[in-house]
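Reader: I'd like a close look at one part of this model, and then a walk outward from there. Take your time with it.

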Amino acid sequence: MPAHRAPAPERPASDGPRSNVSRRRFLGYLVAAPTLVVAAEMGRQTLFGGGVPQASAAAIPSPPLPAEVYDLLDAVRDAARPTANLIRIEVNRDGTVSFALPRSDNGQGIITSTQMIIAEEMNLDPDQVVVTLADARPELVFNQLTGGSTTTFSTYTPIRVAAALAQGRLLDAAAAQLGQEKSVLTSRTGLILGQNGEELPFGELTELAASPVDDAVEVVLKPREEFTVIGTPRTKSDARAMVTGRKKFLTDLQIPDALPTVICRGPNLNSAPTGVNNLDEVRNMPGVTDVEQVRTGVAVRAVTFGQAVDAVNALDVSWDGGTVEGEDDESILAAVRRAELPLAVPQAPGETVEGDFVFYFRSNSALETNCAIADVRSGSAELWGPSKSPIAAQAEIAQELGLPQNAVTIHVTEGGGSFGRRLFFDALQEAAEVSKVMGKPVKLMWTRADDSRQGRVHPLATTRVRAQVTGESVSSFEIRHTSVSTEVNPGFSEGITAAVAKLPLGNYSVSQAIYLTTQTNPYNVGVATSLLNEVDMRFNTCSMRNIYSPDTATARELMIDQVAAKLGKDPYEFRSGFVKLDRFKKVVDRAAEEADWGKSMPEGTAQGIAIHQEYKGIACAVVELDCRPETVNRRIREARTGPRVTKVTYVVDIGLVINPRGLEAQMMGGINDAIAMTLTSGLHLEDGHFVEASWDNYFYTRQWNTPPEMNIVIIDDSEAPEPGGAGEFGVAATCGAIACAYARATGTVPQYFPILHKDPLPFEPYPTIPPVPPAPTNGLELAR
């Protein structure tokens with residue numbers, strides 16, 4: 001699966017100047033300490049733009065939607081500004097540089113990219129930079145949220161400022177030691193080099209460079225043309241440990257006396273226990289140390305996880321009906337339909353094109369299941385978990401335990417996947433409750449069945465689109481997205497907005513803000529609107545991989561194809577001519593060229609093209625899809641067949657690229673997520689419970705579904721002063737391209753997604769399991 005970077009395009013003079021902040025001055029802080037410690041203040045920057053408007057004689061210009069002026073990245077970075085000076089870099093006596101990153105790395109590679117940013121500014125090898133994850137730091141307020149692809153965008157400049165300040169102080173100390181002018185000194189891989197060949201290691205200078213008092217210092221950042229680390233492909237720093245099994249995840253941690261713990265959960269969504277009928281019997285089972293009833297079920301602590309699971313399956317528990325007793329897909333869809341907002345733009349003369357699409361529930365279970373460790377004692381609590389919002393977790397858990405917030409310590413550990421799931425800290429809350437009730441440390445793990453049936457899901461939603469085609473143009477393009485509520489608690493990662501989100505209409509207000517700051521329309525289509533309405537808070541939902549965008553982009557791109565057909569235009573031709581910005585057109589044109597758009601293909605196969613604009617970047621996917629009967633009806637052991645994506649060409653421009661290899665990997669992961677979300681991976685709700693118990697019957701992208709060919713083209717914009725958001729970029733454009741390819745290959749526009757949702761098991765897989773597995777009457781149904 002080859003990937004390559006595009007050469008920087010030659011920009012015509014008409015593109016106009018782009019803001020460039022590489023030589024701007026910033027304010028940093030020396031922190032009083034025995035060794036060199038520095039901090040940063042982030043000055044306001046001009047955001048990098050998108051080039052000149054794309055001229056088209058036919059297109060009616062569309063005013064920008066809110067997210068095209070001020071998006072979620074801007075909101076998160078502005079919220080982080082007041083505490084940016086609390087981000088600190090320390091130079092150690094052994095010559096290494098340490099940085100506790102106030103974010104959560106769940107495989108997206110931000111530890112590696114942060115090493116690269118610091119190494120670039122200090123002329124180090126990235127291996128000389130030690131990046132760890134910071135514990136919950138409530139003084140950071142909004143500055144410890146990991147979500148919305150905001151990490152690198154919001155930390156890039158503060159980290160560089162702190163690193164540049166450290167570099168300057170080391171040079172000052174070396175100049176004093178050597179009796180030479182600072183201007184003649186240079187640094188390389190942890191050494192300060194004098195003009196006569198002298199070498200002074202960083203470690204020997206850190207005490208001399210330290211400041212006895214806090215002080216504000218002005219620094220100048222390294223110019224872009226001198227970069228040697230940023231923009232160079234680099235393998236993740238933990239890659240070898242991951243593939244050799246040496247990497248430690250949460251349940252690998254050995255915390256004294258923290259024994260394996262599993263919770264017996266009810267048969268329906270959010271069922272609560274009303275009594276345990278065989279408590280003493282289970283407490284006497286081999287290895288079991290404790291069995292206690294908690295809010296979400298019955299917790300079992302044992303010497304091994306196997307013994308805990310055996311005890312859970314032996315429990316005889318009485319349950320209430322849960323929050324959606326008696327409900328199924330169709331009843332929830334009917335409720336969503338009743339909440340749909342009207343399409344409001346007055347219709348002009350011409351033809352109307354309309355589409356109505358249903359997106360069913362999808363699981364947000366990560367590869368590493370939900371887990372946490374807790375040790376709650378009298379007057380204090382210590383917890384470990386891969387939390388993306390540890391400040392909010394700390395505040396809420398402290399309140400639940402009746403402790404002051406500073407008596408609760410939360411250690412942020414590296415996680416095995418998130419995609420929005422780790423924004424919620426339900427495992428930490430459960431572990432804290434269980435540890436308090438039992439009076440002992442616990443190592444809590446959700447099973448895969450727990451995550452599928454009781455965990456966080458992408459909500460069921462509808463997206464309606466109406467476009468008005470007038471002459472050779474599009475005069476209006478309306479999107480109405482209606483959804484089961486997407487929970488936004490814990491707000492923006494701290495206690496204030498987390499509490500607000502729980503107030504009446506609070507969740508709706510925050511979700512509206514997120515919708516407005518993420519949803520864009522990259523086309524000139526006249527009057528463009530995009531509105532959200534949400535209903536029904538009874539489900540456990542979350543901001544899963546692009547939040548709203550996979551659904552809205554799929555609907556939008558399908559309808560763009562229909563609009564193009566009304567105008568007698570090829571899908572690529574329309575997109576190239578009607579995108580708003582010249583920057584977008586270059587990405588679309590490059591994708592069509594790389595994919596050989598319009599080539600001859602066998603009947604039953606087709607190409608699909610789609611673009612997506614978000615997080616200050618633009619991406620275009622061209623997908624080749626095989627819908628021939630011999631492919632769709634093929635039987636593969638323990639797999640989910642159907643239409644198969646055989647090739648994806650993906651061109652992405654996010655501005656400045658820190659680590660091309662990491663970005664390439666993120667795009668590949670997003671593509672596989674998109675294949676699952678569009679084709680195969682739906683949850684089926686029946687009588688108050690989800691029937692899928694694990695990945696044996698929840699069909700995430702298997703090896704067979706993964707495209708044999710992926711061509712990832714990264715456009716590293718040489719004039720962009722900073723990176724945009726990248727972590728979620730591979731999903732939405734690929735979802736749209738798959739849907740468009742399906743419509744072209746079959747001649748039928750799909751009305752619901754995943755496309756195979758209403759045909760959950762079209763063949764009998766191996767080994768034999770019921771087409772719709774029944775929900776367990778009690779305890780767990782483990783993955784086969």
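In which loop is Asp687 found?

Author: One thing to keep in mind from the start: this is a predicted model. Asp687 is found in the loop between strand 29 (685-686) and strand 30 (689-690). Its backbone is worth a glance too: Asp687 has a positive phi of about 45°, although the residue is not a glycine.

Asp687 also belongs to a negative surface patch, together with Asp320, Glu325, Asp328, Glu330 and Glu686. So the patch brings residues numbered in the 320s and 330 together with the pair 686 and 687. Among its members, Glu330 sits in helix 9, which covers residues 329-338. Glu330 has a relative accessible area of 43%, so it counts as partly exposed. That value clears the cut-off for patches, which take residues with over 30% relative accessible area and no salt bridge.

Now for some other backbone oddities. Ser149 is another non-glycine residue with a positive phi, in this case near 60°. You'll find Ser149 in the loop between strand 6 (129-133) and helix 4 (151-178). Its relative accessibility is 16%, so Ser149 is counted as buried. Then there's the peptide bond between Phe753 and Pro754, which is cis, with omega at about -5°. Pro754 itself falls in the segment after strand 32 (752-753).

Back to charges, but paired ones this time. Side chains of opposite charge can pair when their charged atoms come close. Across the whole structure, a search turns up 48 salt bridges. One of them joins the side chains of Glu430 and Arg265, with 2.8 Å from N to O. Glu430 is in helix 11 (residues 426-438), while Arg265 is in the loop between strand 11 (259-264) and strand 12 (273-276), so this pair links distant parts of the chain, 165 residues apart. Both partners are buried.

A second pair to pull up is Arg362 with Asp551, whose side chains meet in a salt bridge at 3.0 Å, N to O. Arg362 belongs to strand 17 (residues 362-363) and Asp551 to helix 15 (residues 549-566), so the bridge ties together parts that are 189 residues apart in sequence. Arg362 is buried at a relative accessible area of 1%, and Asp551 is buried as well, at 1% relative accessibility.

Arg377 and Asp375 make a further salt bridge, with their closest N and O atoms 2.9 Å apart. Here the partners sit on opposite sides of the labels: Arg377, at 53% relative accessibility, counts as exposed, whereas Asp375, with a relative accessible area of 10%, is buried. Salt bridges can also join up into a network, as they do for Arg421, Asp426, Asp451, Arg456 and Glu487.

Finally, zoom out to the whole chain. The protein chain comes to 20 helices and 32 strands. Of its 784 residues, 63% count as buried. Take the contacts between residues at least 6 apart in sequence: 80% of them join residues at least 24 apart. As for the outside, the chain exposes about 28,000 Å², and carbon and sulfur atoms supply 52% of that area.

Methods
Residues are numbered from 1 along each chain as its sequence is written. This is a predicted model: local features need pLDDT of at least 70, side-chain atom pairs count only at pLDDT 80 or more; totals for chains, interfaces and linings use all residues. Side-chain values use heavy atoms; hydrogens and water are left out. Helices (H or I, at least four residues) and strands (E, at least two) are DSSP runs, numbered from the N terminus. Buried means under 20% relative accessible area, exposed over 50%, partly exposed in between (1.4 Å probe, protein chains only). Contact means heavy atoms within 4.5 Å. Accessible areas come from the Shrake-Rupley method with a 1.4 Å probe; for residues, only the protein chains shown count as cover. A salt bridge is a side-chain nitrogen of Lys or Arg within 4 Å of a carboxyl oxygen of Asp or Glu. Patches are made of residues with over 30% relative accessible area and no salt bridge: like charges are joined within 9 Å, nonpolar side chains (Val, Leu, Ile, Met, Phe, Trp, Tyr) within 5 Å. Lys and Arg count as positive and Asp and Glu as negative; His and the chain ends are not counted. The place of a charge is taken as NZ of Lys, CZ of Arg, CG of Asp or CD of Glu.
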